[in-house]
Amino acid sequence: MAERVSLASISLPQSHTPTFMASAAAFGGATAASARLLPSAAARATASLSSSSASSFSFKCLRSSPLVSHLFLGQKRFSACASNRRFNSVSAPKCFASDPEQLKSAREDIRDLLNSKFCHPILVRLGWHDSGTYNKNIEEWPQRGGANGSLRFEVELKHAANAGLVNALKLLEPIKDKYSAVTYADLFQLASATAVEEAGGPKIPMKYGRVDVSGPQECPEEGRLPDAGPPSPASHLRDVFYRMGLSDKEIVALSGAHTLGRSRPERSGWGKQETKYTKDGPGAPGGQSWTAQWLKFDNSYFKDIKERRDEDLLVLPTDAVLFDDPSFKVYAEKYAEDQEAFFKDYAEAHAKLSNLGAKFDPPEGIVLDGPSNAAPEKFEAAKYSSGKRELSDNMKQKIRAEYEAIGGSPDKPLQSNYFLNIMIVVAVLAILTSLLGN
Ligand code: HEM
């Protein structure tokens with residue numbers, strides 16, 4: 001039986017709920033703040049905020065919304081098949097875990113959400129915390145953990161590492177409700193990859209079709225995600241990420257996701273209450289960010305933790321170790337210098353992380369941006385014309401005879417002005433004849 005959770009029953013830290021509620025008001029000032037943090041978002045924000053300011057994201061409404069109850073339902077998943085038929089019967093001849101057309105539409109809705117709420121960081125953290133429970137030493141699904149949508153259940157949301165992520169679920173809830181043939185596991189990963197891309201990060205080579213776990217009894221036990229301040233950060237990171245089958249390079253690249261977002265003392269216990277970079281939001285103000293422009297995905301995380309130039313910027317023990325450990329340091333130095341190298345490695349590592357432990361239906365996954373979205377094929381006229389036809393022998397002989405009659409031969413091409421000369425002679429003769437005739 002699926003566990004059903006009401007928001008009221010999720011015990012948030014005392015200070016947490018008011019902070020979150022305050023974010024609704026903060027969205028009002030989001031346009032100005034976003035211009036500082038993410039220039040490209042500012043223009044879109046003006047439009048989207050003006051259209052959505054009436055709703056202004058009232059969490060009070062959300063609390064009482066009947067939609068909320070849907071969010072945490074374990075088994076309230078439509079058959080993707082049934083829903084496919086209603087949604088788009090032509091493009092979905094076969095039923096998979098998620099419907100490709102609904103995935104694409106959900107991605108558009110996620111983009112709108114990002115542009116109005118500036119929630120990129122928390123959606124990235126949501127995707128990572130669903131997949132980061134994977135244990136490569138366990139073969140069975142779902143016991144092995146990973147990207148299977150288990151993070152929607154209260155039992156897992158209450159793990160200390162997941163403090164605050166209920167807010168990410170609340171943001172995604174209307175989208176999940178609208179696209180019932182998209183699994184939670186896919187929605188979490190879709191939201192995370194879209195957030196990275198929309199924040200200016202690399203395109204992630206994602207695939208979809210993740211199957212959801214069906215109940216809270218299938219959630220992983222607490223303690224699979226990393227601590228920010230363990231006694232020995234390097235070996236702790238290796239213990240946790242090697243268990244997921246990830247390498248030193250992937251640990252460093254993925255840590256670069258902290259270019260986005262903030263740490264809040266009332267959630268994780270880490271970070272300052274507020275800094276000059278976070279006091280104006282957007283979103284709920286406060287917390288401490290790793291970078292100055294914490295809604296922009298770039299390599300400034302590596303530059304900033306290397307230089308440690310500003311006490312308002314956060315450096316967790318697990319961040320600092322990336323420049324202390326000799327193996328991690330190779331990659332951290334490289335990414336601080338070369339954003340392109342960081343983007344390339346990040347995109348590969350993110351895609352791998354998003355697939356950990358997932359059971360795909362179809363087994364090969366669903367790719368949303370297939371060849372149809374690729375650059376148009378180069379135009380080749382030959383492709384569109386009918387095939388070249390050989391002349392018959394008779395016709396060839398006839399043409400050759402005519403050609404030779406005017407002085408040409410296969411070995412001696414005609415002079416280019418030959419015809420012109422003939423025409424001039426003929427014209428002159430014609431004029432003379434007519435003059436003489438008169
Ligand atoms: C290397 C081990 C990691 C540790 C110890 C760690 C720890 C943390 C902590 C303590 C926070 C603050 C949470 C809060 O107070 O709200 C945080 C936030 C965040 N983490 Fe990590 N993290 C790690 C890896 C990752 C990875 C691999 C990703 C993504 C690929 C990631 C993405 C984020 C993001 C985007 C935020 C900001 C969330 C927000 O602003 O709401 N982290 N992390």
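This passage describes the confidence of a predicted model, the surroundings of its ligand and the packing of three of its helices.

The structure is a predicted model, and the confidence of the prediction is therefore considered before the details. Over the protein chain, pLDDT averages 80, and 69% of the residues reach a score of at least 70. Two stretches with low scores may be named. Across residues 82-92, pLDDT remains under 50; the model nevertheless has 17 contacts beyond four places in sequence for this stretch. Across residues 382-388, pLDDT likewise remains under 50, but here the model has zero contacts beyond four places in sequence.

The ligand is surrounded by 22 residues. Those that come nearest to the ligand are Pro-121, Ala-257, Gly-261, Ser-263 and Ser-268. Several elements of secondary structure take part in this shell: helix 8 (120-131), helix 13 (248-255) and strand 1 (262-263) each provide at least two residues. The greatest contribution is that of helix 8, which supplies five residues. When the residues of the shell are sorted by class, eleven are nonpolar, seven are polar and four are charged.

The packing of helix 10 against two other helices was examined next. Helix 7 (residues 100-117) and helix 10 (residues 166-178) pack with their axes 10 Å apart, at an angle of about 160 degrees. Because angles over 145 degrees count as roughly antiparallel, helix 7 and helix 10 are assigned to that class. The crossing in which helix 7 passes helix 10 is right-handed. On the side of helix 7, the contact is formed by Ala-106, Asp-109, Ile-110, Leu-113 and Lys-117; on the side of helix 10, Leu-171, Ile-175 and Lys-178 take part. By class, this contact between helix 7 and helix 10 comprises five nonpolar and three charged residues, with no polar residues.

Helix 10 also packs against helix 11 (residues 184-198), where the two axes come within 11 Å of each other and cross at roughly 125 degrees. Helix 10 is therefore oblique to helix 11. The crossing of helix 10 and helix 11 is right-handed. In this contact, Leu-172, Ile-175 and Lys-176 of helix 10 meet Tyr-184, Leu-187 and Ala-191 of helix 11. By class, the contact of helix 10 with helix 11 includes five nonpolar residues and one charged residue, and no polar residues. Ile-175 of helix 10 thus appears in the contact with helix 7 and in the contact with helix 11.

Technical notes: Residues are numbered from 1 along each chain as its sequence is written. This is a predicted model: local features need pLDDT of at least 70, side-chain atom pairs count only at pLDDT 80 or more; totals for chains, interfaces and linings use all residues. A residue is near a molecule or strand if its C-beta atom, placed from the backbone, lies within 6 Å of it. Helices (H or I, at least four residues) and strands (E, at least two) are DSSP runs, numbered from the N terminus. Ala, Val, Leu, Ile, Met, Phe, Trp, Tyr, Cys and Pro count as nonpolar, Asp, Glu, Lys and Arg as charged, and the others, Gly among them, as polar. pLDDT is the predictor's confidence in each residue, from 0 to 100. Two residues are in contact if their C-beta atoms, placed from the backbone, lie within 7 Å. Axes are lines fitted to C-alpha atoms, for helices over the stretch in contact, and angles run from 0 to 180 degrees between N-to-C directions. Angles under 35 degrees count as roughly parallel, over 145 as roughly antiparallel, 65 to 115 as roughly perpendicular and the rest as oblique. A crossing is left-handed if the near helix is turned anticlockwise from the far one by less than a right angle, and right-handed if clockwise.
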